[in-house]
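The following note is offered to a colleague who meets this structure for the first time. The points begin with a single position and then widen to the chain as a whole.

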Amino acid sequence: MTSRAIIALALGACLGAGAPAVHAAQPDAGADWPTRKAITMIVPFAAGGSTDVTARLLAEHLSRQLKQQVVVENRAGAGSNLGSSVAARATPDGYTLLLATSTIATNVTLYKNMGFDLRRDLIPVSQIASIPNVLTVNNSVPAKSLTEFIALVQKKDAPVNYGSAGNGSASHLSGALFNAMAKGDMVHVAYKGGAPANVDLMGGQVQAVFSPLVEVLSYLESGKLRALGVTTPARSPRLPDVPAVGEALPGFDVSLWNGVFVPAGTPPAVVDRLAQALKSVTQEPGFRKVLLDQGSAPTSQSPAQFKAFLDQEIDKWAKLVKLSGATVD
């Protein structure tokens, strides 16, 4: 049985995968929000990862804004689809939130059955942060700059292997786009997560990895890895001397993000109040400092802006998935 079939069976058994989401909010739902009980923020990734760290920071600040406890609940599995499905099928009363990443937009194309319909079953509330991937190499790689690395992958006399967090991951798609635009001959090596990819990068088994900046910042600061470029259109304030890949390959842009969603059917008044609370959080100096120190850029959007952004992201990641040939089998 393929991994795709296993994922579909697991989601179907646990969540009624493929069935339309059924919501039953009461007419007066949200009138006293959020005074009745604690709010659960579902994180569709394992505890301890970069998204989980951001979620716990957000929950702390959001609790103060709303004067109600926000509790993080990790629901990892199926490439983030498991936790996202749980959130999509929760009671739409404002007491279940989902902190998703750009992975949720990628999965629309990568998976035949996510277990829910992103556009139908979830309401985008606000983006929280924009996160660059960074092209990192180990110290044995002769290229000392972005342009030298592009020349290296174009030579094709010795293969350059790039590791990723897995097929269809943002690190994989970043590398695939880079390889295509540079007209290089890099070889993709998929790992089960970013951590083992970076371990092998430092050990010399692969020559490059496109990693979220927050995950490799300590390696860059200690000199164990070298940064050659960031995947966002502009340079990162955290690495001002590292060029954007687009400076050498015009049009290159693979920006990651975190954003908050709620189940479809959540009362508009709750969505609006939550959006305002999230905007306030992203403007708090303490919250901003932590994210900026990690290399992320705090941001906020109205629900309408986030929805429009999400539509663009689904299309963007669909093109990258098709370019890479990524599958989940």
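1. In this predicted model, S236 has a relative accessible area of 4%, which is under the 20% limit, so S236 counts as buried. S236 belongs to the loop that joins β8 (225–230) to β9 (255–263). Apart from neighbours within four places in sequence, the contacts of S236 are P132, L213, V230 and G295.

2. A second position in the loop between β8 and β9 is A244. A244 is likewise buried, and its relative accessible area is 0%. Residues up to four places away in sequence aside, A244 touches L146, V230, T232, P233, A234 and R235. V230 thus appears among the contacts of S236 and among those of A244. Between A244 and A129 there are 18 Å in space, C-alpha to C-alpha, and 115 residues in sequence.

3. G295, one of the contacts of S236, comes just after α11 and takes a positive phi of about 95 degrees. The helix itself, α11, spans residues 285–294, and its buried residues are F287, L291 and Q294. These three lie on the same side of α11, because the arc they cover around the axis is only 60 degrees. As a rule, an α-helix has 3.6 residues a turn, so residues three or four places apart point the same way.

4. Which exposed residues does the face of α11 turned away from its buried side carry? They are P285 and K289. On the buried side, the cover includes α2 (50–66), β4 (122–138), α9 (213–222), α10 (268–283) and β10 (297–298).

5. The chain as a whole has 12 helices and 10 strands. Its radius of gyration is 20 Å, close to the 20 Å given by the globule rule for 329 residues, so the chain is as compact as a globular protein of that length. Along the principal axes, the C-alpha atoms fill a box of roughly 65 × 50 × 30 Å.

6. Of the 329 residues, 53% count as buried. Among contacts with a separation of 6 or more, 78% are between residues 24 or more positions apart.

7. The last point concerns surface and charge. The accessible surface of the chain is about 13700 Å², and carbon and sulfur atoms account for 55% of it. The chain has 28 positive and 24 negative charges, and the mean positions of the two sets are 1 Å apart.

Notes
Residues numbered from 1 in each chain as written. Predicted model: local features only at pLDDT ≥ 70, side-chain atom pairs only at ≥ 80, totals over all residues. Heavy atoms only, no water. Helix = DSSP H or I, 4+ residues; strand = E, 2+ residues; numbered from the N terminus. Buried < 20%, exposed > 50% of the residue type's maximum accessible area, 1.4 Å probe, protein only. Contact = heavy atoms within 4.5 Å. Rg over C-alpha atoms; globule rule 2.2 N^0.38 Å. Areas by Shrake-Rupley, 256 points an atom, 1.4 Å probe, with all protein chains shown as cover. Lys, Arg positive; Asp, Glu negative; His and termini not counted. Charge placed at Lys NZ, Arg CZ, Asp CG, Glu CD. Arc of directions from axis to C-beta.
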